[in-house]
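Dear colleague,

Please find the structure handed over below for your own work. My notes on what was found in it follow directly after.

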Amino acid sequence: MSEISYFATYRQAENQVTNNTILMFRHVYNQSPNLFYKFLSDLVGGIQLPEIGLKFEQQVKKQKSIPDALIHQNAFNVFFELKFGDATLDETQINNHIQALKTDNDILLCITKHDDKLANKDYDKKNVFFTTYKKIVKCLQSNAQPYLLNLHEIVESYKNMLTAEGLLYNQYQMVAVPCPVSCKKNIKYKHYYTPRSVAQDRDYIGIYHDKKISHIGHISHRIKLKNKIFFDSSGKITDEKLLERLQQIVDNSHYELENCIIYLFKEIYEVNLQKTSKGGMQGRKHFDLLADFNIDENDISDFKSLCEKLKGKGYE
């Protein structure tokens with residue numbers, strides 16, 4: 001067993017992240033057991049956990065006597081499985097961890113960068129929980145009262161560490177692309193296309209023309225077109241409605257589409273983000289839709305509400 005340390009000497013980044021994460025939990029507990037209880041309860045979905053911390057009582061009747069006073073605490077175990085980078089959870093490993101949960105007061109908490117597919121699995125043990133590093137930070141921030149300045153400083157430091165390790169997945173990343181000729185059809189048919197050599201992995205695409213990003217589309221499909229055949233990650237597309245939509249895009253394109261990737265939007269909204277600096281946008285430009293436009297994630301509920309917040313803003 002290796003004790004959590006303020007000055008860890010692990011060489012592997014994964015072990016450093018584990019040490020720092022558990023250290024962050026310990027900071028919360030040291031601040032207040034009650035605060036730790038609320039933080040942990042929020043992290044696992046608001047369920048009622050065993051009481052955390054010491055209890056001070058007097059005149060507690062036992063089987064054959066009544067001691068004058070008693071200090072005690074509930075037995076309570078939280079087992080962790082943390083994954084580094086884009087690694088996903090291993091089902092066999094999780095099932096083996098579950099064997100260590102001997103009582104109803106034992107918890108297994110699995111932490112990953114992205115929401116893991118195993119989170120949708122119905123385990124026999126109800127006290128197996130799944131979360132992400134981003135949700136941990138959000139729970140820390142929401143539970144730390146404003147006057148706890150030292151704890152806020154530590155949470156911010158922990159957040160910066162996770163950011164440096166690439167563990168805070170930000171779904172609100174957009175690439176804006178110049179579409180001076182195709183913009184109207186991009187908007188009408190809810191799509192954008194690129195050569196396969198310049199594929200992009202952002203969830204949002206901004207349609208730029210006339211010195212503004214007029215619309216933002218939320219990608220639902222990434223379709224490869226080769227030899228007039230459409231493919232997705234599962235193989236050749238056979239869905240008739242989807243094929244009809246794709247063929248409509250090809251037939252109405254300004255250019256002959258071949259050996260390209262077509263990005264289909266499930267939603268597209270007008271935002272009119274004005275470019276305030278001189279000149280037009282000469283190439284692609286990447287944005288963090290929250291940080292770059294000073295939007296609080298707590299103030300948005302979905303993509304539409306985000307676009308409402310973006311309306312009328314500008315960028316250089």
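**Findings, beginning with one leucine**

Leu35 has its place in helix α2, which covers residues 33-43. The coordinates come from a predicted model, and the remarks below should be read accordingly.

With a relative accessible area of 13%, Leu35 is buried. Leaving aside residues up to four places away in sequence, Leu35 touches Val28, Asn143, Leu148 and Leu151. As a gauge of distance within the chain, the C-alpha atoms of Leu35 and Gln173 are separated by 33 Å; the two residues lie 138 positions apart along the sequence.

**The chain as a whole**

The protein chain contains 8 helices and 14 strands. Its C-alpha trace spans about 90 × 45 × 35 Å along the principal axes. The radius of gyration is 26 Å, whereas a compact globule of 316 residues would have one near 20 Å. Of the contacts with a separation of 6 or more, 63% are accounted for by residues 24 or more positions apart.

Buried residues make up 38% of the 316 residues. The accessible surface of the protein chain comes to about 18,900 Å², and carbon and sulfur atoms hold 47% of that area. As for charge, the chain carries 42 positive and 39 negative charges, and the mean positions of these two sets are 4 Å apart.

**Cysteines**

How many disulfides does the structure hold? The number is 0. Cys139 is in no disulfide, and the nearest cysteine sulfur, that of Cys110, is 16 Å away. Cys139 is also buried, at a relative accessible area of 12%.

Why does Cys179 form no bond with Cys183? The sulfur of Cys183 is the closest cysteine sulfur to that of Cys179, but the two are 7.1 Å apart, which is too far for a bond. A pair counts as a disulfide if the sulfur atoms are within 2.5 Å. Cys179 is buried as well, with a relative accessible area of 2%.

**Backbone angles in two loops**

Two residues may be of interest if you intend to examine backbone torsions. Asp210 is not a glycine, yet its phi is positive, at about 55 degrees. Asp210 is found in the loop that joins β8 (204-209) to β9 (212-226). Is Asp210 buried or exposed? At 63% relative accessibility, Asp210 counts as exposed.

Asn259, likewise not a glycine, has a positive phi of about 50 degrees. The loop that holds Asn259 lies between α7 (240-251) and β12 (260-275). Asn259 counts as partly exposed, with a relative accessibility of 40%.

**Helix α8**

Which residues of helix α8 (residues 303-310) are buried? They are Phe303, Ser305, Leu306, Cys307 and Leu310. An α-helix has 3.6 residues a turn, so residues three or four places apart point the same way. The cover over the buried residues of α8 includes β8, β9 and β12. Strands β8 and β9 are also the ones on either side of the loop with Asp210, and β12 is the strand that follows the loop with Asn259. Just after α8, Gly312 takes a positive phi of about 85 degrees.

With kind regards

Methods: Residues are numbered from 1 along each chain as its sequence is written. This is a predicted model: local features need pLDDT of at least 70, side-chain atom pairs count only at pLDDT 80 or more; totals for chains, interfaces and linings use all residues. Side-chain values use heavy atoms; hydrogens and water are left out. Helices (H or I, at least four residues) and strands (E, at least two) are DSSP runs, numbered from the N terminus. The radius of gyration is taken over C-alpha atoms; the globule rule is 2.2 Å times the number of residues to the power 0.38. Buried means under 20% relative accessible area, exposed over 50%, partly exposed in between (1.4 Å probe, protein chains only). Contact means heavy atoms within 4.5 Å. Accessible areas come from the Shrake-Rupley method with a 1.4 Å probe; for residues, only the protein chains shown count as cover. Lys and Arg count as positive and Asp and Glu as negative; His and the chain ends are not counted. The place of a charge is taken as NZ of Lys, CZ of Arg, CG of Asp or CD of Glu.
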